[in-house]
Structure formats: C-alpha cells, structure tokens
Amino acid sequence: MRRVTRRMLVDAPPTAQGFYEARPGDVAGHAHVVLIDVREECELLDALGHIHGVRHVPLAQLLADGLPGVDVSAQIVCICDAGRRSARAAASLVARGFVEVYSVSGGMIRWSAEERPVARTRTWT
C-alpha cells in the first residue's frame, strides 16, 4: 500500500495553541481542505460574503460539538470575519485531537481585500 503524503499549507511552526496561521493565498485553490466558516449565518450573506462551497459551522456549535464525521487527520481551515473566532475554533479542534488545523489570519476581511472570489448567495453546506 502506497502512503500519500501531503504538503502543509504553510511553512511555519504552529501557534502556542497548536494550530497554524494561514493567509488567504495559502488556502485558495486547495480543494482537498475542509474549509469551515464559523460566523453566524447572517454574516455569510453580508457585504463580505463567503467562500463558495464553504462548510458553515457557527462557532458556538463547533465549540459544543466539534466536527462530527470529519476525520481528525483532515486538513481543516477555519475562517471568520477578522480571524479571532476562527483562531478560537482552531484551538478547540486541536484540543479535540485534530492534527492539522489552520486559522485564516485576517479572515474574510483580508480575503476580500486581496480580491479573492466570494459568493453572496447561499453556496455553503
């Protein structure tokens, strides 16, 4: 059986909480990651929009339930509006045993400022 190794999204050590900080450019174009938006549903439709096809798990739900059904070895990327909630979510997932978790530094504000594509109609799951 051949073992497939994957490349880390960033070339930096983890934070003290055990997750990695990623920039929008580190995440864009990586279809294999599990991208989690931890904002409230109404925020996904506001001026910042959301990343097409993102998985929506509000922070409170993620803190209470984790990510049932997601393998702990998956590459998880959390995003919010500015990065604070996604960092909290990422730390929580690391504490639950997920091994490769990222928080997008600057969140959707930075994503939009870098003129990356966003959706403003519901495309999340």
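Helices here are DSSP runs (H or I) of at least four residues, numbered from the N terminus. The model you are looking at is predicted. Here are some exercises to help you find your way around.

**Exercise 1. Find helix 4 and compare its reach with the expected span.**

Step 1. Go to residues 84–95, which form helix 4 and number 12.
Step 2. From the first C-alpha of helix 4 to the last, the reach is 17 Å.
Step 3. At 1.5 Å a residue, 16 Å is expected, and the helix comes close to that.
Step 4. Look just past the end of helix 4: G97 has a positive phi of about 105° there.

**Exercise 2. Work out how the buried residues of helix 4 are arranged around its axis.**

Step 1. Buried means under 20% relative accessible area, and exposed means over 50%.
Step 2. By that rule, S86, A89, A90, S92 and L93 are buried in helix 4.
Step 3. Looking down the axis of helix 4, these buried residues fall within an arc of 160°, so they line one face of the helix.
Step 4. A general point helps here: residues three or four places apart on an α-helix point the same way, because there are 3.6 residues a turn.
Step 5. Now turn to the other side of helix 4, where R84, R88 and A95 are exposed.
Step 6. To see what covers the buried residues, find helix 3 (59–65), strand 4 (75–79) and strand 5 (100–104), which are among the elements that do so.

**Exercise 3. Which residue forms a salt bridge with E43, and where does each partner sit?**

Step 1. Recall that side chains of opposite charge can pair when their charged atoms come close.
Step 2. The partner of E43 is R85, with 2.8 Å between the closest N and O atoms.
Step 3. E43 lies in helix 2 (residues 41–44) and R85 in helix 4, so this pair, 42 residues apart, links distant parts of the chain.
Step 4. E43 is buried, at 16% relative accessible area, while R85 is partly exposed, at 23%.
Step 5. Add D81 to the picture: E43, D81 and R85 are linked in a network of salt bridges.

**Exercise 4. How many salt bridges does the count come to?**

Step 1. The count is 7.
Step 2. One of them joins the side chains of R23 and D26 at 2.9 Å, N to O. R23 is partly exposed, with 47% relative accessibility, whereas D26 is buried, with 12%.
Step 3. Another joins R116 and E114 at 3.1 Å, N to O. R116 is partly exposed, at 27% relative accessible area, and E114 is partly exposed too, at 34%.

Definitions and conventions:
Residues are numbered from 1 along each chain as its sequence is written. This is a predicted model: local features need pLDDT of at least 70, side-chain atom pairs count only at pLDDT 80 or more; totals for chains, interfaces and linings use all residues. Side-chain values use heavy atoms; hydrogens and water are left out. Helices (H or I, at least four residues) and strands (E, at least two) are DSSP runs, numbered from the N terminus. The expected span of a helix is 1.5 Å times one less than its number of residues. Buried means under 20% relative accessible area, exposed over 50%, partly exposed in between (1.4 Å probe, protein chains only). The arc is that of the directions from the helix axis to the C-beta atoms. Contact means heavy atoms within 4.5 Å. A salt bridge is a side-chain nitrogen of Lys or Arg within 4 Å of a carboxyl oxygen of Asp or Glu.
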